[in-house]
Amino acid sequence: MTPARERKRDPHHCADCGADFDVAYYDDRRVGERAAAPPVLTDVPCPRCRKPKSISVPAGAERTLAVDVVEGEADEGGGD
Ligand SMILES: [Zn+2]
């Protein structure tokens, strides 16, 4: 049996530019390992303003991070 890799998604909000984005990652830990390995803090750049944001992910998952912008309603005043 081959267990599927479990992709987790955590919603985050950039306090600087107000962007909403999802941080997706694979949690490769087995249940026992997950309990033994505490979460680690890693920096993820905001997809809009590039400001690093510290997030907590399972140990090892920081190597599999993917950032997806959540396109909500535009709350900025537009360009021209
Ligand atoms: Zn931002």
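1. A quick definition before the sheet: two strands pair if DSSP finds at least two bridges between them. Strands here (E, at least two residues) and helices (H or I, at least four) are DSSP runs, numbered from the N terminus. With that in hand, strands 1, 2 and 5 make an open three-stranded sheet in the order 1-2-5, with antiparallel pairing. Strand 1 (6-13) and strand 5 (66-69) are the edge strands, each pairing on one side only. Ignoring direction, neighbouring strands of this sheet are turned by 25 degrees against each other on average; the axes behind that angle are lines fitted to C-alpha atoms, for helices over the stretch in contact, and angles run from 0 to 180 degrees between N-to-C directions.

2. Some housekeeping. This is a predicted model: local features need pLDDT of at least 70, side-chain atom pairs count only at pLDDT 80 or more, and totals for chains, interfaces and linings use all residues. Residues are numbered from 1 along each chain as its sequence is written.

3. How far to trust it? pLDDT is the predictor's confidence in each residue, from 0 to 100. The protein averages 84, and 80% of the residues score at least 70. Among the elements, strand 3 has the highest mean pLDDT (94) and helix 1 (residues 31-36) the lowest (67).

4. Overall, you're looking at one helix and five strands, running β-β-α-β-β-β from the N terminus on.

5. Back to the sheet: strands 2 and 5 run antiparallel and are joined by four bridges. D22 stands opposite D68 in strand 5. As for F21, its contacts (C-beta atoms, placed from the backbone, within 7 Å) beyond four places in sequence are H12, C46, P47, V67, D68, V69 and V70.

6. Burial next. A residue is buried if 20 or more other C-beta atoms lie within 10 Å of its own, exposed if 12 or fewer, and partly exposed in between. Of the 80 residues, 9% count as buried. The largest nonpolar core (buried Ala, Val, Leu, Ile, Met, Phe, Trp, Tyr and Cys residues joined through C-beta atoms within 7 Å) has seven residues: F21, V23, Y25, V44, C46, V57 and A61. Strand 2 (residues 20-27) gives the largest share of this core, three residues.

7. Finally, T42, which sits in strand 3 (residues 40-45). Why does T42 count as partly exposed? Because T42 has 17 C-beta neighbours inside 10 Å. Not counting residues up to four places away in sequence, T42 touches I55, V57 and E62. The C-alpha atoms of T42 and R63 are separated by 9.7 Å, with the two residues 21 apart along the chain.

Notes. Two residues are in contact if their C-beta atoms, placed from the backbone, lie within 7 Å.
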